[in-house]
Amino acid sequence: MWKNYFKISFRNLQKRKLYTGINLLGLTIALVSFFAISLYIYHEWSYDRMYKDADRILKLNQEFISGGEKQLVGTSPSMLPVVLREEFSEVEKATLVFDLGIFSTVMVDAGAGNQEESKFAFVDEFFFEVFDFSLLSGQKSNLLQNPNEMVLTQSTAERLFGNVQSAQGKSLKVDGQEYEIKGVMEDFPSNSHLEFDFLASFKTHRHGKEPQWSPSNYYNYVKLKPGVKVSDFEKNLAQMVDRYLGSDQEEYGFQTDFYTQPVTAIHTGDPNLSSIKPGVNLKYLYIFAIVALLLMIIGVINYVNLATAEATERNKEVGLRKVMGATQSQLFGQFVSESMILTFGGLLISLLVLYILVPVLSDWVQVPLQLDLLVSPFGLIFLGGVLLAVGFFSGAYPSLILAKMEPIRALGNKIKLGGGAWVRKSLVVFQFFVSMGLLISTFVVKSQLDFMREVTLGYEKEQLISLSYPYQARAKMPTIKEEMKRTGAAVSIAQAADMPIHIKAGYKIFPGGDNQRELMITGYAVDPDLVNTLDLQLLAGENFTEFDIQRNQLEDGSEEFSVLLNESAVREMGWTAEEAVGKRINLGYMSNSVIKGVVGDFYFNSLHQKVGPLVIFHDPMEANVLLIKLPAGDPANHLAALEKIWKDQVPDRPFNPQFVDQAYANLYASEERASMVFTLFAGIAVFIACIGLFGLVSYVALRRTREISIRKVLGATPVDVLSVLAVDFMKLLGISSLLAITFGLWFSKNWLQDFANQTTVGWMPYVFSIALVFALALLTIFYRTWEVYRLNPSNTLKSE
Amino acid sequence: MIELKNIDKFIESRFQRIFLLKGINLTIQEGEFVTLMGPSGAGKSTLLNILGLLDEDYSGDFLFGEKNIRQMKEKERSSLHKSEFGYIFQAYHLIDELTVYENIETPLLYRKVSSSERKSIIAELLDRFNMVAKKDLFPAQLSGGQQQLVGIARAIAGRPRVLLADEPTGNLHSAQAKEIMEVFQDLHKEGTTIIQATHARENADFGTRLIHLVDGRIESDEKIS
């Protein structure tokens with residue numbers, strides 16, 4: 001029986017090449033997109049699930065409430081894991097990770113001179129007890145117990161020492177300090193939120209020797225004992241906070257709480273929490289999943305539409321089979337087997353295409369997609385599920401229509417599928433609704449991206465480069481600055497803590513002086529040249545001078561720290577810019593700070609966040625980078641001149657300039673990726689929908705060949721004929737447009753919600769998307785109608 | 001074997017009922033070879049469809065053997081349909097995508113006949129109609145007469161007791177038509193009940209009974225020998 005089904009299905013598919021081709025193409029494209037997105041989503045979802053006790057490992061974050069304002073922070077104090085280990089019976093282990101990369105790069109010398117490295121962290125000796133990464137050499141029991149010990153990852157060991165064995169026991173210098181390599185571990189998997197090349201013992205660090213409650217710069221993790229309830233643990237945490245920090249909280253009127261986050265939720269968690277690796281917005285994952293599903297549905301709809309349209313051609317076969325005794329379920333089986341065969345073919349082709357595409361795609365989305373996941377048992381079940389679902393949904397409806405046909409009517413000539421037409425129309429509406437909706441979404445995503453790229457940031461990022469330097473070279477910076485300016489290759493140079501695109505250092509303003517409010521504030525250590533170099537706008541007061549430096553270096557207790565505040569900070573404290581100048585505030589260790597001037601707000605983080613309060617203080621000793629404003633003209637020439645001076649002055653440090661505008665663009669890498677994904681898949685959706693329309697119009701045109709010929713004989717022009725066929729479809733597209741506009745409005749509201757600074761989306765995306773789809777659909781219809789129109793009426797009318 | 005009592009078949013138009021069949025009373029004995037004749041629209045095909053259980057939308061009683069078709073369950077009716085009837089059409093109605101062999105095999109598949117039995121039945125039929133060499137050809141590669149032979153082979157593959165043929169020779173030359181009618185005659189001699197509808201008077205001579213239909217009524221019913 002099944003053999004017979006398959007045989008006839010094959011012959012049918014072979015016979016109708018256009019029909020088979022369109023269906024196969026549509027299904028294959030849809031399946032490739034579906035699988036690619038699935039692999040991507042799986043990768044993002046699988047983050048941090050590979051640790052042995054992943055369900056018991058939690059990260060500790062901090063909630064800080066002050067002055068009614070709540071702030072969530074991804075880091076916590078170095079004292080926290082110590083207390084957890086010593087006082088919490090429900091805690092199995094706690095560990096600390098100090099990611100140096102968020103502050104600066106380090107210079108690593110493994111015998112071949114200094115190299116700049118950024119994936120460097122201090123971790124305590126409990127790290128490997130919480131995260132069960134395997135060691136390739138060394139022993140877990142005596143890792144990182146003492147100061148100046150280090151663990152390398154496999155690829156780092158191979159890069160610096162040739163292979164794992166020769167790295168073991170060697171020593172290397174980091175910023176001049178010597179470390180002994182006690183072990184080599186496997187590389188961090190691509191789906192771990194931890195990503196380092198070097199793990200140094202935290203005991204090397206001063207807070208490792210002497211843990212403190214401040215600062216809160218550390219990522220802390222805890223592994224609970226089996227069976228412990230997270231809520232109970234958090235309750236105990238709260239009591240612990242009262243014990244240790246209660247008096248401080250009362251005195252300074254702030255409140256801090258620690259809360260937990262499952263390790264598996266870090267990657268998809270709150271994007272505002274600082275993290276080792278940029279996470280992924282869970283919303284994007286959902287959107288991608290929906291897009292994948294929609295593409296698959298569009299592909300299936302193509303099949304359903306074509307198959308129902310085609311059912312009219314197969315009524316004779318169905319009628320005969322019924323006369324010969326076929327039951328409805330037997331017929332149903334036969335037609336579903338046909339769609340299964342086609343789906344299976346599409347599946348095989350799509351896997352082949354994926355095999356070729358995966359390297360390209362991985363590179364493109366910056367995520368290593370693993371195709372071999374699909375041949376794992378789970379993957380095979382997934383593939384089987386997709387095959388059955390797609391095959392069934394494609395085949396079920398047309399099969400039902402065919403199987404239900406009455407034999408007499410089916411045998412007697414052409415029949416009209418009344419009910420089928422209704423369903424088919426809805427499906428076409430849906431297809432084009434999805435196509436238009438995706439196009440509109442693409443434009444929304446793109447316009448926000450363009451907005452972020454082109455918005456006035458409040459400072460000049462063009463022709464601005466950043467050069468990082470080690471603290472050992474700090475003394476030479478004034479000389480270097482002078483030299484560079486003298487050559488004319490730099491207009492202005494400032495020393496600063498970081499590039500102005502992501503200033504993260506968190507400070508606190510305590511009550512005192514002229515201000516009684518407490519607030520979190522971002523701090524930026526710079527020298528007096530910053531205002532000129534970035535072309536910041538001074539709203540009131542004046543810039544730093546050399547005299548200010550002398551004032552804050554007095555150590556007789558009368559020292560005074562000059563600071564600049566941004567507009568937001570001044571507003572928070574309830575002053576106008578003019579009022580603020582000369583006021584005194586308490587910045588913790590810089591308790592006697594005087595507001596020297598107020599600068600206009602500028603964006604110092606990604607546009608996801610609003611501009612918050614910022615204090616700029618005069619402290620070149622805290623600076624890590626040179627910000628250099630180049631003169632107009634080709635940067636390459638200027639850079640060559642600058643490099644020469646750099647090499648003369650700091651020969652052991654590579655000259656590694658970064659363009660600030662490029663680094664700024666990198667902030668939006670994930671939006672950029674989303675935008676590309678949208679563009680690609682919207683294009684695919686439109687394409688699949690159009691080939692489906694092509695097939696559908698082909699059938700309609702074929703059925704109406706005689707009518708078209710008669711009209712032609714009566715003198716109809718091609719446009720007349722086109723309008724006969726097009727009007728019906730245009731009506732459907734009109735409905736799709738209305739739905740798509742509704743969807744677009746909803747989508748843009750939702751998407752833009754994530755951005756504190758939003759673009760305004762006008763009507764253009766809507767008009768353009770809808771017009772584009774209409775044009776493509778018309779073109780498709782026209783092409784098909786033209787072919788029929790060209791036929792000689794005497795041929796088409798002859799046989800009746 | 002078959003008894004029709006007062007069969008009416010009509011379609012409702014806006015102002016009146018149009019009767020396709022009116023007051024048909026007909027008894028057919030097992031082994032008869034009945035020819036239905038009459039002008040176009042007389043109701044030949046309609047009557048044939050009702051006899052073949054392809055049309056259930058009529059009034060009156062239809063007894064097959066002792067049983068009233070109307071009182072049968074859907075399942076019984078469909079099994080009766082499968083086991084007792086064979087159909088032959090004017091336009092042959094072979095399935096274009098299947099070979100001669102597979103076309104003949106199809107009704108056997110729906111009757112769940114075992115594979116080896118199918119092979120022997122089909123071999124026998126192919127042999128009988130001298131089509132062994134053509135078994136792997138598709139219908140489009142055959143002449144009209146040959147296609148109709150396949151149609152007959154397919155209709156009798158399931159060994160039905162009643163063979164229904166609607167204008168079986170309507171699309172054929174007279175020589176081919178004669179050949180087909182001779183096959184019918186042989187089948188009749190073997191005991192199959194045959195009911196055919198035709199325009200051609202000469203076809204009736206192969207049968208045992210001739211019924212004239214006019215405007216949905218039986219006008220005459222005569223034995224011929």
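The following paragraphs lead the reader through a predicted model with chains A and B, beginning with chain A as a whole and ending with a single residue of chain B.

Chain A has 800 residues, of which 43% count as buried. Its secondary structure amounts to 25 helices and 24 strands. Measured out along the principal axes, the C-alpha trace of this chain spans about 110 × 60 × 55 Å. Contacts in chain A also reach across the sequence: when the partners are at least 6 residues apart, 82% of the contacts join residues that are at least 24 apart.

A pair of helices gives a first view of the packing in chain A. The axes of α1(A) and α10(A), the latter covering residues 328–365, come within 9 Å and cross at roughly 60°. The two helices are therefore oblique to each other, and their crossing is right-handed. On the side of α1(A), the residues that take part are A:Trp2, A:Tyr5, A:Phe6, A:Ser9, A:Phe10, A:Asn12 and A:Leu13. They meet A:Gly333, A:Gln334, A:Ser337, A:Glu338, A:Ile341 and A:Leu342 in α10(A). Sorted by character, the residues of this contact comprise 7 nonpolar, 5 polar and 1 charged.

Further along chain A lies strand β23(A), residues 625–629. Of its 5 residues, 4 are buried, so the strand is largely enclosed by the rest of the structure. Strand β23(A) pairs with β14(A), residues 464–468, in the antiparallel sense, and 5 bridges hold this pairing. Within it, A:Leu467 stands opposite A:Leu626. Strand β15(A), residues 492–496, is likewise joined to β23(A) by 5 bridges and runs antiparallel to it. Here the bridge partner of A:Gln495 is A:Leu626. A:Leu626 thus faces A:Leu467 of one pairing and A:Gln495 of the other. As a general matter, strands of a sheet pair through backbone hydrogen bonds, either parallel or antiparallel.

A loop residue offers another setting. A:Glu186 lies in the loop between β10 (177–185) and β11 (198–201) of chain A. A residue with 12 or fewer C-beta neighbours inside 10 Å is classed as exposed; A:Glu186 has 12 and therefore counts as exposed. Even so, A:Glu186 has contacts beyond its neighbours within four places in sequence, namely with A:Phe133, A:Ser134, A:Leu136 and A:Gln154. A:Ser155, 31 residues away from A:Glu186 in sequence, is 8.1 Å away in space, C-alpha to C-alpha.

Chain A also touches chain B. The contact between them draws 18 residues from chain A and 15 residues from chain B. On the side of chain A, the elements that give two or more residues are α1 (2–15), α9 (282–323) and α12 (407–411). Helix α1(A) thus contributes to the contact with chain B and also meets α10(A) within its own chain. The residues on the chain A side are 9 nonpolar, 4 polar and 5 charged.

Turning to chain B, the reader finds an open sheet of 4 strands in the order β2-β1-β4-β5, with antiparallel pairing. Its edge strands are β2 (17–28) and β5 (67–68), each of which pairs on one side only. Strands β1(B), residues 2–12, and β4(B), residues 59–64, are antiparallel and share 5 bridges. In this pairing B:Lys5 stands opposite B:Asp61.

Another open sheet of chain B has 6 strands in the order β6-β7-β8-β3-β9-β10, and its pairing is mixed. At the edges stand β6 (85–88) and β10 (217–223); each has a single partner strand, so one side of each is left without a neighbour in the sheet. From one strand to the next, the twist averages 15°. Strand β6(B) runs parallel to β7(B), residues 162–166, and 4 bridges join the two. B:Phe85 stands opposite B:Val162 of β7(B).

The last stop is B:Leu108, which belongs to helix α3 (residues 100–110) of chain B. This residue has 21 C-beta neighbours inside 10 Å and therefore counts as buried. Residues up to four places away in sequence aside, B:Leu108 touches B:Val113, B:Arg118, B:Ile121, B:Ala157 and B:Gly158. One of these, B:Ala157, is 49 residues from B:Leu108 in sequence and 7.0 Å from it in space, C-alpha to C-alpha.

Conventions
Residues numbered from 1 in each chain as written. Chains lettered and ligands numbered in written order. Predicted model: local features only at pLDDT ≥ 70, side-chain atom pairs only at ≥ 80, totals over all residues. Pairing = 2+ DSSP bridges. Axes fitted to C-alpha atoms, helices over the stretch in contact; angles between N-to-C directions. Contact = placed C-beta atoms within 7 Å. Nonpolar A, V, L, I, M, F, W, Y, C, P; charged D, E, K, R; others polar. Parallel < 35°, antiparallel > 145°, perpendicular 65-115°, else oblique. Left-handed = near helix turned anticlockwise from the far one by under 90°. Buried ≥ 20, exposed ≤ 12 C-beta atoms within 10 Å, placed from the backbone.
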